[in-house]
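Got your viewer open and your selection syntax warmed up? Let's take a walk through this one, stop by stop.

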Amino acid sequence: MAGVSRVEIVAVATDRQAGAGDLAWSRRPGAAAAFRGTLLICSPDAAEGLSQSPAPDATVVVSERPRLAMALVVARFFAHLAADTPAVYADPATERLVEEHRAWVRNAVVGRNVRIEPLATVGCSGMGYERDAQDRLVPFPQLGRVMLEDDVHIAAQAMVQRGAIGDTVVRRGAKIGPHVNVGHNVDVGEDCLIAGHAQVGGGARLGRGTIVWQSAAIANGVTVGAGAVIGMGAMIRADVGDGEVWVGNPGKRLR
């Protein structure tokens, strides 16, 4: 049709990282004004500030339910991006040990001197869903990777989920205990210690040197500051400052 331009979408990215050819979504206020990708599906709040256009080649689609819209678009046009891919290892010896330990490692980049113990799972999909107009659960895409930096330890039967869009990152020297679950897009800081059976919700951020003791749970999107300590069995639903100690259910600051 005359006057209609065509653009090509080749990848899916976060709204902050998107570039030419990328599809993204956002509920972040003002995200559309700063968008530098090709197509953004966003909430009305995210579209605020669009009196000036975004990047010249960007298109913004406003939706009351942008996360559901994104899930449907990706399922329709980009389902192939969710396929599992082999892990990339900096050290071939680590790959051999993973096979000997019968660990499941996919969709991951594994650094040097990384220990992955028996039956650990790295790079599996998480439990992201949205409800459609009929109240049915629609899976949100799980397209990202897991980045394990040097000197990381993943204990037996621990699980580290791949990013939904973007990556899950376990930074240098972090130690993840047995039966721990690390959700999608979590950022585990350098030299963190997460003890057995702890749960870290999707999108949480753990600062450098944080300690999370046994069976604690950190809710989705919570930030725990550097050097903080989360006590055994604590349920953390609010951000924790640097060096603070939190305990209890619901979690409260001890000192």
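Keep in mind that this is a predicted model. Start with the sheet: select its 8 strands, which form an open sheet in the order β8-β13-β16-β19-β22-β25-β27-β28, with mixed pairing. Now colour the two edges, β8 (115-116) and β28 (252-253), each of which pairs on one side only.

**Stop 1: inside the sheet**

Zoom in on residues 153-154 and 175-176. These are strands β13 and β16, and they pair in the parallel sense over 2 bridges. Click on Ile-154 and look across to β16: which residue is its bridge partner? That would be Ile-176.

Keep Ile-154 selected, as Ile-154 is also among the residues with the most contacts inside the largest nonpolar core.

**Stop 2: the largest core**

That core has 41 residues, and Val-105, Ile-116 and Leu-148 join Ile-154 on the list of those with the most contacts inside it. To see which elements feed it, select β7 (108-110) and β12 (146-148), the elements that give two or more residues to this core.

Now show everything around Leu-148. Setting aside residues up to four places away in sequence, Leu-148 touches Val-109, Val-110, Gly-111, Val-114, Ile-116, Val-122, Ile-154 and Val-170. So two residues from the most-contacts list, Ile-116 and Ile-154, turn up here, because both lie within 4.5 Å of Leu-148.

Apart from this core lies another one, of 15 residues, including Leu-23, Ile-41, Ala-71 and Val-138. Leu-23 leads us to the next stop.

**Stop 3: strand β2 and its partners**

Select residues 22-26. This is β2, and 5 of its 5 residues are buried. Turn on the side chains: Asp-22, Ala-24 and Ser-26 point one way, while Leu-23 and Trp-25 point the other way.

Next, add the partners. Strand β1 (residues 11-12) runs parallel to β2, joined to it by 2 bridges, and Val-12 stands opposite Leu-23. Strand β3 (residues 39-42) also runs parallel to β2, this time with 4 bridges. There you can find Ile-41 opposite Trp-25.

**Stop 4: Pro-29**

Follow the chain on from β2 into the loop that leads to β3, and pick Pro-29. Is Pro-29 buried or exposed? Its relative accessibility is 60%, so Pro-29 counts as exposed. Leaving aside neighbours within four places in sequence, Pro-29 is in contact with Asp-45 and Ala-46. Try a distance label to Pro-44 as well: the two prolines are 15 residues apart in sequence, and their C-alpha atoms are 8.4 Å apart in space.

**Stop 5: His-184**

Jump to the loop between β17 (181-182) and β18 (187-188), where His-184 sits. With a relative accessibility of 18%, His-184 counts as buried, because the cut-off for that is under 20%. Expand the selection to its contacts, not counting residues up to four places away in sequence: Gln-142, Gln-161, Arg-162, Gly-163, Ala-164, Thr-168, Gly-202 and Gly-203.

**Stop 6: salt bridges**

A search of the whole structure finds 14 salt bridges. Here are a few to label.

- Arg-115 with Glu-117: the closest N and O atoms are 2.8 Å apart. Glu-117 is buried, at 17% relative accessible area, whereas Arg-115 is partly exposed, at 47%.
- Arg-131 with Asp-135: the N to O distance is 3.8 Å. Arg-131 is partly exposed, with a relative accessible area of 40%.
- Arg-171 with Asp-187: this one comes in at 2.8 Å, N to O. The pair links distant parts of the chain, with Arg-171 in the loop between β15 (168-170) and β16, and Asp-187 in strand β18, 16 residues apart. Arg-171 is partly exposed, at 29% relative accessible area, while Asp-187 is buried, at 15%.

For a last selection, take Arg-172, Glu-190, Asp-191 and Arg-208 together: salt bridges that share partners join these four into one network.

Methods. Residues are numbered from 1 along each chain as its sequence is written. This is a predicted model: local features need pLDDT of at least 70, side-chain atom pairs count only at pLDDT 80 or more; totals for chains, interfaces and linings use all residues. Side-chain values use heavy atoms; hydrogens and water are left out. Two strands pair if DSSP finds at least two bridges between them. Buried means under 20% relative accessible area, exposed over 50%, partly exposed in between (1.4 Å probe, protein chains only). A nonpolar core is a set of buried Ala, Val, Leu, Ile, Met, Phe, Trp, Tyr and Cys residues joined through side-chain atoms within 4.5 Å. A salt bridge is a side-chain nitrogen of Lys or Arg within 4 Å of a carboxyl oxygen of Asp or Glu.
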